[in-house]
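Trainee: I have a model open and would like to practise justifying the labels people put on it. Could we go through some together?

Mentor: Gladly. Bring it up and ask away.

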Amino acid sequence: MTVDVCDVGTGLVRQVLARGEAEVLPFDVPRGRRLLSRYLGPEEINWDARFRSYLHDDPEVKGTVWVRMVPKRFVAEDLGYRV
């Protein structure tokens, strides 16, 4: 799994890599609501519509799933440069 940011204008390039075994699990709406509330606040009406749709669309129709990974290795790098 990779999480990164790259801003060509400023030269900011940062990256976090995680490696490990992963599995695909069915989406659990109550768990999704708890996690989203933790990061977006308790008022679902204030969330971006993209996040609300995860909770109200049928996961089987949309293909929404959880991916659970047990990381065995993390790497964080600053690959930045100056413009």
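Trainee: Which sign does the phi of Gly41 take, just after H1?

Mentor: In this predicted model, Gly41 has a positive phi of about 95°.

Trainee: And how do you know that the length of helix H1 fits its number of residues?

Mentor: Helix H1 covers residues 29-40, twelve residues in total, and at 1.5 Å a residue the expected span is 16 Å. The C-alpha atoms at its ends lie 16 Å apart, so the two values agree.

Trainee: What makes the contact between Asp78 and Arg14 a salt bridge?

Mentor: The rule asks for a side-chain nitrogen of Lys or Arg within 4 Å of a carboxyl oxygen of Asp or Glu. For Asp78 and Arg14 the N to O distance is 3.8 Å, so the pair meets the cut-off. Asp78 sits in strand E3 and Arg14 in strand E2, so this bridge ties together parts 64 residues apart in sequence.

Trainee: Why is Asp78 called exposed, while Arg14 is called partly exposed?

Mentor: Exposed means over 50% relative accessible area, and partly exposed runs from there down to 20%. Asp78 has 54%, so it counts as exposed. Arg14 has 45%, so it counts as partly exposed.

Trainee: Which other pairs pass the salt bridge rule?

Mentor: Glu23 and Arg68 are one such pair, at 3.2 Å from N to O. Glu23 belongs to strand E2 and Arg68 to strand E3, so here the linked parts are 45 residues apart in sequence. Asp48 and Arg50 also form a salt bridge, at 2.9 Å. By this rule the count comes to four.

Trainee: What makes Val16 eligible for a nonpolar surface patch?

Mentor: A patch residue needs over 30% relative accessible area and no salt bridge. Val16, in strand E2, has 38% relative accessibility, so its value clears that cut-off. Together with Met1, Val3 and Phe74, Val16 makes a nonpolar patch of about 430 Å².

Trainee: Last one: how do you know that Phe51 belongs to the lining of the largest pocket?

Mentor: A lining residue must have an atom within 4 Å of a pocket point. Phe51 is listed among the lining residues, as are Phe27, Leu35, Tyr54 and Trp66, so each of them meets that rule. H1, helix H2 (49-56) and strand E3 (65-78) each give two or more residues to the lining. The space in this pocket is about 180 Å³.

Terms used:
Residues numbered from 1 in each chain as written. Predicted model: local features only at pLDDT ≥ 70, side-chain atom pairs only at ≥ 80, totals over all residues. Heavy atoms only, no water. Patch = residues over 30% accessible without salt bridge, like charges linked within 9 Å, V, L, I, M, F, W, Y side chains within 5 Å. Areas by Shrake-Rupley, 256 points an atom, 1.4 Å probe, with all protein chains shown as cover. Helix = DSSP H or I, 4+ residues; strand = E, 2+ residues; numbered from the N terminus. Buried < 20%, exposed > 50% of the residue type's maximum accessible area, 1.4 Å probe, protein only. Expected span 1.5 Å × (residues − 1). 1 Å grid on protein atoms, 1.4 Å probe; cavity = no way out; pocket = protein on both sides within 12 Å on 5 of 7 lines; lining within 4 Å. Points joined across faces, edges and corners; volume = space filled by probe spheres on them.
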